[in-house]
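Open the model in a viewer and keep the selection panel at hand. The stops below can be followed in order.

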Amino acid sequence: MHRTGELYGQFETLEQQKETATLGMWIFLVTEVLFFGGLFLTYTINRHYYFTAFGVGGNMLDLTMGTANTFVLIASSFTMAMSVWTAQTSRKNLLPIFLMLTLILGGVFLGIKYVEYKQKYDHHLIPGPSFDITYRINHPARGDNPKELAAERQEIGEALRTEDPENPQGALVALNAHTQLYFSLYFAMTGLHALHMVVGAGLLIWLFTESLKGRFSTSYYTPVETVGLYWHFVDIVWIYLFALLYLINRHLG
Amino acid sequence: MSEGLVLPVAKQPHEHYLNATYGIRSWLLTTDHKRIALLYLASVTFFFFIGGFFATLIRIHLLTPAGALVSPETYNKLFTMHGVAMIFFFLIPSIPAVLGNFLIPLMIGAKDLAFPKLNLLSWYIYLVGGAFVLYSFSTGGLDTGWTFYTPLSSIYSNSAVTPAVLGIFINGFSSILTGLNFVVTIHTMRAPGMTWFRLPLFVWAHYATSLIMILGTPVLAITLLLVGLERMLHLGFFNPALGGDPILFQHLFWFYSHPAVYIMVLPAMGVVSEIIPALARKPIFGYSFIAGSSIAIAVIGFLVWAHHMFVTGESTYAALAFSFLSYLVAIPSAVKVFNWTSTLYKGAISWDTPMIYALGFIGLFLIGGLTGLFLACLGIVIHVHDTYFVVAHFHYIMVGGAVMGYVGGLHFWWPKITGKMYPEAISRLAAIILFVGFNLTFFPQFILGYLGMPRRYHSYPPEFQVLNVLSTAGASILALGYLLPMAYLIWSMRYGEAAGPNPWPATGLEWQTDSPPPTENFHVTPVVTWEPYDFKSRPDLGLAAGAQPLAPAHGDD
């Protein structure tokens, strides 16, 4: 279909085109809810089956980095909202700045996530043959905080006593397997979320280059708005992931 | 076409969507929904023949009690690959992606779907998914059953499961994007005057289908992704040895795969709802009930999935609830059947080929639907679970229902798609051959199942041979019933008579434009001022000439 200005040929008016694009994005987000929904259900059911092991797993995550990332994403949601507003009000000089800020914050999130994944790798918490929840307490690295290690040792010890006080060896095998299930879900959920962030970053780069050409204004800002919807959705998924993965049954200190 | 009908001399328009541009690029990069529909037509036909090839081998193998053709391991692969090719790559895209794609913009008076590029992307995604699955078929095959139950699929199977689940995962996005495109199009692209309750019932059926595609497919996608990850990386989501829950897989799988049955049959119901009023020359009986029952089927269809798991040891209370809800689906399904029948009553029925398919659909869907009630009954299902009774039941729905609807719809709209009529006599014969062949293939399987022959077995006791031979004989007739339309429809593209804009004549907007339609569908944007299927107020159809008596309207129309 041919395009006249910003109006694609299948539409009669720009208003109809905008309504269509927005509805399309909302429906896409509904499919995303169902997509993540399958994972959230799998997580919830297993959390119910293996409450102790999932608690041990949750306490092995780095709360500082998780919290920092939550703030980074909330900040990026703010800059995204500002991008939509600057586009709506034709502030053509500000729009690229807010888009770039959003992109940078998304990059910071992925950077922190990378550091976290690397840490899990060093602690032998990647699911697979070498997965070992006792690796870190048995092989402390130089920079490790001894208080943290003691807390982790106590956490695992308590979990073993809860699971099977008669047979600590068997309890450890089971706890290790079920914590591995926790980390399988952790990587599947956060990995899929990170993939969505990467897609969002690609969309932001596109918006950024188009905004430099001054394409978006009060009369046409649909792409900024729909990418904004997507970006906020991905942020909201993280808020849920953060609460479910990091905060349940958390032992502070 | 009915004799004695006075029609203007039909001729092809000079320029239409087929000859607007030429060359391979103009097809592979097209964003015209009509051309994309034809791309889908070619590709789903390809997968239909792949699935049909495996079906042929299955039926030949089962000619003798010990199995005539292949090893037990190969037999497992045959029925698995038959199911995967037919369900994911033929039945699910068949009517929506071919007829729906072609017709929805025409029926609502739009120039195209809401997102034409996304529509083309859906087709490419389908091809990529299909390539993965063909890779799986040709490098070790697939032997898990189309249901991919864990831990067989994630650990024990030695066949090429990973590329297959990835292929179906990818293909899922084709389905999701098609559904999304349809819903948005129906919401925002309707012509002036085309209110919701003036929409053709075909469009209502596709709206309901699209809801299932949008809400169900993502769940299957994530589930199969987890199976793929489990298999590649030895994770334990559904592996009991690692603490995972295989029953959870079954819940997630059927949460999509039961509603998927309605993705197959709802569009076929839409086709039948168009054919019957057009060829009985009568307004459809109970328009709003048929429209509403499509939505009801889509909604209730999401609440019945665990009836596939009655023998997995689920709680009695869950089983009772799911049994009850499964019975409930029968109500909107029966509403449709009663309304079609009432439309036929005192109608001026013409025995054109699409009508034969539509009547065939009603009969076969009735048998498929009623045997579904047997299976929803908690007592009987324990006896017939995993037997040929189940195989026969779902083939009556999927082949007797969905495929009859698809082939009937292809005939009904063939004049619109190609501008040419198919040959009438041979096509009626083919429709009857298809009906007879189908019943001979699958009716014996009801008896086999009731007598206790389990599905998916490569051998059987000698006393079941007669029924199996009958079924195989039926399958050869059925094959003829598919090859004939394929041959004469292709023939008619070159040699068929010019059809004219409205050969039936029917009331829908798609019949108001040229056959084949121009690229932008309508020369001027249509304005709808009439109610759906209203023959009486439409002198433009040529019926008022008095050549064809109009039957009196009934009921709430």
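The tour goes from a whole chain to helix pairs, then to single elements and the contact between chains.

**Stop 1: chain B as a whole**

Keep in mind throughout that this is a predicted model. Select chain B and colour it by secondary structure: there are 15 helices and zero strands. Its radius of gyration is 23 Å, close to the 24 Å that the globule rule gives for 557 residues, so chain B is as compact as a globular protein of that length. Turn the chain along its principal axes, where the C-alpha trace spans about 70 × 45 × 45 Å. Of the 557 residues in chain B, 57% are buried. Among contacts in this chain with a separation of 6 or more, 84% join residues 24 or more positions apart.

**Stop 2: H13 and H14 of chain B**

Now select residues 388-418 of chain B, which form helix H13, and residues 424-451, which form helix H14. How far apart are the axes of these two helices, and at what angle do they pack? The axes are 8 Å apart, and the angle is about 170 degrees. Since angles over 145 degrees count as roughly antiparallel, H13(B) is roughly antiparallel to H14(B). Show side chains for the contact: on H13(B) the residues include B:Tyr388, B:Phe389, B:His395, B:Tyr396 and B:His411. On H14(B) they include B:Ser427, B:Phe438, B:Phe442, B:Gln445 and B:Tyr450. By class, the residues of this contact are 12 nonpolar, six polar and no charged.

**Stop 3: H3 against H13 of chain B**

Keep H13(B) on screen and add helix H3, residues 72-108 of chain B. Here the axes lie 10 Å apart and the packing angle is about 25 degrees. With a limit of under 35 degrees for roughly parallel, H3(B) and H13(B) are therefore roughly parallel to each other. Their crossing is left-handed. From H3(B), select B:Leu91, B:Ser94, B:Ile95, B:Leu99, B:Phe102 and B:Leu103. They meet B:Met398, B:Ala402, B:Gly405, B:Tyr406, B:Gly409, B:Trp413 and B:Ile417 in H13(B). This contact has 10 nonpolar, three polar and no charged residues.

**Stop 4: B:Gly372**

Go to helix H11, residues 353-376 of chain B, and pick B:Gly372 within it. Is this glycine buried or exposed? B:Gly372 has 22 C-beta neighbours inside 10 Å and therefore counts as buried, the cut-off being 20 or more. For a distance check, draw a line from its C-alpha atom to that of B:Leu410: the two residues are 38 apart along the chain, and the atoms are separated by 27 Å.

**Stop 5: H2 of chain A**

Move to chain A and select helix H2, residues 51-59. Seven of its nine residues are buried. These are A:Thr52, A:Ala53, A:Phe54, A:Gly55, A:Val56, A:Gly57 and A:Gly58. To see what covers them, display other helices of chain A, including H1 (14-49), H6 (146-163), H7 (168-212) and H8 (222-247).

**Stop 6: where the chains touch**

Finally, show both chains together. The contact takes 33 residues from chain B and 28 residues from chain A. On the chain B side, the elements giving two or more residues are helices H6 (161-188), H7 (201-233) and H8 (246-280). H7(B) gives the largest share, 10 residues. Coloured by class, the side of chain B that touches chain A shows 22 nonpolar, eight polar and three charged residues.

Methods. Residues numbered from 1 in each chain as written. Chains lettered and ligands numbered in written order. Predicted model: local features only at pLDDT ≥ 70, side-chain atom pairs only at ≥ 80, totals over all residues. Contact = placed C-beta atoms within 7 Å. Helix = DSSP H or I, 4+ residues; strand = E, 2+ residues; numbered from the N terminus. Nonpolar A, V, L, I, M, F, W, Y, C, P; charged D, E, K, R; others polar. Rg over C-alpha atoms; globule rule 2.2 N^0.38 Å. Buried ≥ 20, exposed ≤ 12 C-beta atoms within 10 Å, placed from the backbone. Axes fitted to C-alpha atoms, helices over the stretch in contact; angles between N-to-C directions. Parallel < 35°, antiparallel > 145°, perpendicular 65-115°, else oblique. Left-handed = near helix turned anticlockwise from the far one by under 90°.
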